[in-house]
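Open the model in your viewer and keep the selection tool at hand. The tour goes from a pair of helices to the strands.

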Amino acid sequence: IMPIAESATCQPHEHTAPASLGLHDAIWTRLMLTLMRWLPAPVITALTWPVTAVIWLLAVPQREAVRANLSALLPVQGTSAFTSFHVFYQFALTYLDRLWHLHFGREVEWEIIGKDDFEALQQENGGALVFTVHSGNYDLGAGLFARKFGRTIHTVRVAEATDSLQELRKQELREEERRHPNLHVHYNEPGGHLGMELCRKLFAGEVVCVQGDRVMGEVAPVEAHIDGVTYRIPRGPLVLAEVTGVPCYPVFLSRKGRLSYRIEIGKPFHCGGRKPKAAEISAAWLPVMHDFLLRRWDQWFVFEALVTRDPA
């Protein structure tokens, strides 16, 4: 019963069929779905803590990566074992919410902060980039945007670690796209030309959502510095902004409670109308992202070491 393992133990590697019953196998999600059909929701929620504890103990590299990130962000608090466990636990709870919504049709409550900026994004005459991070629940947030936004939205994902899990994800996303015709999901796969395709979408006046915090696989990293901390962030979104010159808006998701989420939409950190250098976009995006992660460190769901503290 290990849904958290499928993402918490994810490492960039070739997309191949693994040994049976590996941690990345979709069988664990299917087992969880079976239990959710038969057990009351409070029981499922109560089981989350001990199951997460087991995964947290077993996933040593991922646990240490989270600890390293938090130690850099929060030099005192971040060194505690409790803080890294709390990230794993929050991830497990958001994973359950995702299953409740996608497979059982449970509605999600949303609090929207920054409605004026949301409307400004809706009313942009041309294309726009939405920068976000791995927090809250990306899949649920994409569905919310597609339902309320009224414009075509393109989101980007990385393929899952195994064939079985990838097939399950594609089934889920096909259903989401059926429910929300404005939502289109693209996979960033090795050897593909996704960047060119997204540029075309932006030039055509559509909105593209990108995650500006996580470097995996063949994604080119950029080092960015703020407040004595160095982040490794992906170069791709910065280049998209540089090439297209479209407005760039920050959007962050966070979990408030069971099937209850908050979405924060900020003012554009690049207003469009000109083509800035990638370094300029990085310098504008970094403080916005850094501020959010300091506030909601417990919901930053990256399990690779991406942050270091600069020498004193």
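Start with helices H10 and H11: H10 passes H11 in a right-handed crossing. Right-handed here has the near helix turned clockwise from the far one by less than a right angle. This is a predicted model, in which local features need pLDDT of at least 70, side-chain atom pairs count only at pLDDT 80 or more, and totals for chains, interfaces and linings use all residues. Residues are numbered from 1 along each chain as its sequence is written, and side-chain values use heavy atoms, with hydrogens and water left out.

**Stop 1: the helix pair**

Select residues 236–244 for H10 and 278–295 for H11. Helices are DSSP runs of H or I with at least four residues, strands are E runs of at least two, and both are numbered from the N terminus. The two axes come within 8 Å and cross at roughly 120°. Axes are lines fitted to C-alpha atoms, for helices over the stretch in contact, and angles run from 0 to 180 degrees between N-to-C directions. H10 is therefore oblique to H11. Oblique covers what is left after under 35 degrees (roughly parallel), over 145 (roughly antiparallel) and 65 to 115 (roughly perpendicular).

Now show side chains. Which residues of H10 meet H11? They are Leu238, Ala241 and Glu242, and they meet Ala278, Ile281 and Ser282. By class, this contact has four nonpolar, one polar and one charged residues.

**Stop 2: strand E8 and its partners**

Select residues 248–257, strand E8. Nine of its ten residues are buried (under 20% relative accessible area, 1.4 Å probe, protein chains only). E8 is therefore largely enclosed by the rest of the structure.

Add strand E2, residues 128–132. Three bridges join E2 to E8, and the two run parallel. Find Val130: its bridge partner in E8 is Tyr249.

Next add strand E9, residues 260–265. E8 and E9 pair in the antiparallel sense over six bridges; pairing takes at least two DSSP bridges. Gly257 stands opposite Ser260 in E9. The two strands form a hairpin with two residues between them, and Leu259 in the turn has a positive phi of about 55°.

**Stop 3: the open sheet**

Show E6, E7 and E10, an open antiparallel sheet in the order E6-E7-E10. E6 (221–226) and E10 (307–309) stand at the edges with a single partner strand each, so one side of each lacks a neighbour in the sheet. Neighbouring strands are turned by 25° against each other on average, direction ignored.

Zoom in on E7, residues 229–234, which three bridges join to E10. Thr230 stands opposite Thr308 in E10.

Finish by bringing H11 back. H11 lies across E6 and E7, running at about 110° to E7; contact means heavy atoms within 4.5 Å.

Methods:
Ala, Val, Leu, Ile, Met, Phe, Trp, Tyr, Cys and Pro count as nonpolar, Asp, Glu, Lys and Arg as charged, and the others, Gly among them, as polar. Buried means under 20% relative accessible area, exposed over 50%, partly exposed in between (1.4 Å probe, protein chains only).
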